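Trainee: I have a structure to look at today. Could you walk me through it, one question at a time?

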4 protein chains.
Amino acid sequence: MNDISLEQAQAVVEASLAKSREVGTAMNIAVVDAGGNLKAFGRQDGAWIGSIDISQKKARTARFFDMNTGDIGALSQPGGPLYNIEVSNGGLITFPGGIPLKVDGAVVGAVGVSGSTVENDHIVAQAGADALQ
Amino acid sequence: MNDISLEQAQAVVEASLAKSREVGTAMNIAVVDAGGNLKAFGRQDGAWIGSIDISQKKARTARFFDMNTGDIGALSQPGGPLYNIEVSNGGLITFPGGIPLKVDGAVVGAVGVSGSTVENDHIVAQAGADALQ
Amino acid sequence: MNDISLEQAQAVVEASLAKSREVGTAMNIAVVDAGGNLKAFGRQDGAWIGSIDISQKKARTARFFDMNTGDIGALSQPGGPLYNIEVSNGGLITFPGGIPLKVDGAVVGAVGVSGSTVENDHIVAQAGADALQ
Amino acid sequence: MNDISLEQAQAVVEASLAKSREVGTAMNIAVVDAGGNLKAFGRQDGAWIGSIDISQKKARTARFFDMNTGDIGALSQPGGPLYNIEVSNGGLITFPGGIPLKVDGAVVGAVGVSGSTVENDHIVAQAGADALQ
């Protein structure tokens with residue numbers, strides 16, 4: 001199994017922090033490894049306390065299914081094929097802000113960001129993911 | 001980080017209790033501090049037992065995101081940007097009745113009220129929040 | 001079922017707070033009703049955050065078995081008849097600081113105190129319990 | 001309430017990582033803020049997965065009671081005054097490796113380290129704590 005290193009995970013966190021400062025937000029940023037387990041985390045001063053758990057759940061959700069969290073949310077609505085999948089795995093978060101992390105095309109983990117609008121959360125997470133490409 | 005004192009938290013509980021008696025309801029009233037941890041609590045005689053947990057979750061939810069719980073609920077509906085956010089943080093309550101507490105413009109905690117209609121819950125919580133201004 | 005009123009529960013909290021100030025400690029004080037459900041709570045400024053849960057568990061433990069928590073702890077040691085009873089009921093606390101509350105000889109709830117040595121916790125809880133006699 | 005900044009929390013993590021490399025261990029390092037909520041985290045490559053939770057519980061436990069986790073463990077043994085306190089607060093860890101973080105004498109959070117012997121865990125946590133003095 002290809003796996004993310006601590007050095008890579010910290011680079012993802014720093015890239016996300018840099019983008020968050022550029023956007024003017026206060027974020028929680030979580031990186032999980034290929035096994036879905038927490039590898040690195042940072043919370044900016046003044047960031048929502050409730051987003052600690054959400055950022056980690058976004059990262060885990062993205063790795064659990066190897067897709068962006070928002071893509072799962074499109075399938076989990078009432079009447080959708082994955083309705084209420086959020087109650088599984090101790091709680092999933094399926095709105096944007098979670099993105100799989102890849103090295104040479106292989107998923108090695110995921111990043112989850114929470115602390116602003118879901119649009120900003122996704123932008124900041126994407127900046128983190130781009131740091132690994 | 002500014003934090004609420006016990007004296008302030010008890011004043012919030014008493015103001016909410018006074019409003020609840022005026023409205024004719026039986027409420028659970030919870031106050032959490034800046035860290036989201038319980039600071040003061042009171043349950044009126046005959047109030048719903050199931051609202052002990054809901055009032056505390058409302059207070060925590062309001063502090064976790066520094067906004068009224070009802071505002072989060074407006075975003076967490078099916079098709080909304082925060083759909084099913086309620087499964088995070090060990091359970092969030094996103095209908096009205098939770099309000100951040102501020103002193104000199106800074107959030108120092110939150111109050112959560114549960115035991116009647118959500119309209120009454122919000123009115124009683126607001127009376128508590130107003131006691132700090 | 002005889003049950004404690006909010007007025008009585010708040011009197012227990014205030015009597016415990018007064019004793020805590022006299023002893024020079026910073027306490028968490030919880031009162032549960034006859035059903036074992038939280039009725040009133042207060043945390044002094046600077047009191048241990050970890051004692052929020054412990055004070056409530058002490059109060060519940062005392063009501064669950066209608067005896068002082070320390071008496072249960074004497075029975076739950078290795079080799080004792082109630083060994084590791086602490087893992088039941090979502091977690092019991094069996095060291096001193098939890099005392100049943102009685103009115104006219106009938107148990108109407110319990111008080112739990114945590115924040116100092118177990119000796120001080122018990123003294124402050126007893127002051128609360130005495131407020132009801 | 002004084003609180004730790006992200007910059008300070010990351011300095012604690014880096015100081016602990018440096019000490020861990022010096023000692024030759026693979027550690028999980030968690031920092032919580034004054035409210036007991038996760039602020040920064042890093043896991044070295046090859047570190048025990050089971051220590052993710054333990055490092056965080058050590059940090060929380062140290063902040064919950066403002067003392068080293070090992071000091072609590074000395075009191076929670078069979079026959080001790082805090083026997084089985086570990087079942088509270090969703091699980092406490094009371095062996096060494098958790099240390100309160102202070103700035104100018106005030107507790108602003110705590111660090112928890114897990115991944116080796118408890119002696120090594122404590123040494124690595126202490127190096128992190130020393131980074132703030």
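Trainee: What percentage of the interface residues of chain A are also interface residues in chain D?

Mentor: Happy to help, and keep in mind that this is a predicted model. Chains A and D are copies that meet through the same surface. That follows because the shared part of the interface residues of chain A is 100%.

Trainee: Which relation links chain A to chain D?

Mentor: Chain A can be laid on chain D with an RMSD of 0.1 Å. This takes a turn of 180° and a shift of 0.2 Å along the axis. That is the relation of a two-fold axis.

Trainee: Which residue of chain A comes closest to the rotation axis?

Mentor: Here we go by the C-alpha atoms of chain A. At 2.4 Å from the axis, the residue is A:F41.

Trainee: Now for chains B and C. Which strands stand at the edges of their sheet?

Mentor: The open sheet has 8 strands, in the order β3(B)-β4(B)-β1(B)-β2(B)-β2(C)-β1(C)-β4(C)-β3(C), with antiparallel pairing. Two of these strands have a single partner strand each, so one side of each is left without a neighbour in the sheet. They are β3 (98-103) of chain B and β3 (98-103) of chain C.

Trainee: Which residue in β2(C) does C:V31 stand opposite?

Mentor: Strand β1 (residues 28-33) of chain C runs antiparallel to strand β2 (residues 38-43) of chain C, and 5 bridges join them. Opposite C:V31, in β2(C), stands C:A40.

Trainee: At what angle does helix α1 of chain B run to β1(B)?

Mentor: Helix α1 (residues 6-23) of chain B lies across several strands, including β2 of chain C. To β1(B), the helix runs at about 155°.

Terms used:
Residues are numbered from 1 along each chain as its sequence is written. Chains are lettered from A and ligands numbered from 1 in the order in which they are written. This is a predicted model: local features need pLDDT of at least 70, side-chain atom pairs count only at pLDDT 80 or more; totals for chains, interfaces and linings use all residues. Side-chain values use heavy atoms; hydrogens and water are left out. Two strands pair if DSSP finds at least two bridges between them. Helices (H or I, at least four residues) and strands (E, at least two) are DSSP runs, numbered from the N terminus. Contact means heavy atoms within 4.5 Å. Axes are lines fitted to C-alpha atoms, for helices over the stretch in contact, and angles run from 0 to 180 degrees between N-to-C directions. Copies are superposed by least squares on the C-alpha atoms of residues with pLDDT of at least 70 in both.
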